[in-house]
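These are my notebook entries on one chain. I looked up its overall form, its helices and its pockets.

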Amino acid sequence: MEFKDSLKKIRQEKHLSQQALSDLVGVRQYVIASWETGRSEPSIKDIIKLQSVLNVPLEYLLGIIDELPKSYELMKYYDNLDSAKQDKLLNITKEIFEILK
């Protein structure tokens, strides 16, 4: 998969508009559109910002790998929980790992 395709896919999976992503990255909306159509490519600095904002592995963002590692799949669920449920899940996970030792 090419960068332009993976960027669009990730943005849509995160339910972000081009405008919302551009606000988070600090570029104009037309820049995101240009990256997604392949008319231009981001600088290294912008790639790092994208990776940080989208919270995905760099290899996934760049299209080197087509699927997220399982750890990121789990993080998607975790990130959708409120703080109290995140704490509860973390404590349960610690208990499970203690049992499995």
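Entry 1, overall form. I compared the radius of gyration of the chain, 16 Å, with the value near 13 Å that a compact globule of 101 residues would have; the radius is taken over C-alpha atoms, and the globule rule is 2.2 Å times the number of residues to the power 0.38. The C-alpha trace spans about 55 × 25 × 20 Å along its principal axes.

Entry 2, basis of the values. I note that this is a predicted model, in which local features need pLDDT of at least 70 and side-chain atom pairs count only at pLDDT 80 or more, while totals for chains, interfaces and linings use all residues. Residues are numbered from 1 along each chain as its sequence is written, and side-chain values use heavy atoms, with hydrogens and water left out.

Entry 3, fold. I find seven helices and zero strands in the chain, where helices (H or I, at least four residues) and strands (E, at least two) are DSSP runs numbered from the N terminus. Of contacts between residues at least 6 apart in sequence, 47% join residues at least 24 apart; a contact means heavy atoms within 4.5 Å.

Entry 4, surface. I read that 28% of the 101 residues count as buried, that is, under 20% relative accessible area with a 1.4 Å probe, protein chains only. The accessible surface comes to about 7,200 Å², of which 56% belongs to carbon and sulfur atoms; the areas come from the Shrake-Rupley method with a 1.4 Å probe.

Entry 5, largest pocket. I took a pocket as an open set of points on a 1 Å grid over the protein atoms alone, where a 1.4 Å probe fits, with protein on both sides within 12 Å along at least five of seven lines; lining residues have an atom within 4 Å of a point. The largest pocket holds about 250 Å³ of space, the volume being that filled by probe spheres set on the points. Of its 13 lining residues, Glu13, Lys14, Met75, Lys76 and Asp79 lie nearest the centre. Helix H1 (3-13) and helix H6 (70-79) are the elements that give two or more residues to this lining, and H6 has the largest share, four residues.

Entry 6, second largest pocket. I find about 160 Å³ of space here. Its lining consists of Ser71, Leu74, Met75, Tyr77, Tyr78, Leu89, Leu90 and Thr93. H6 and helix H7 (83-100) each give two or more of these residues, and H6 gives the most, five.

Conventions. Buried < 20%, exposed > 50% of the residue type's maximum accessible area, 1.4 Å probe, protein only.
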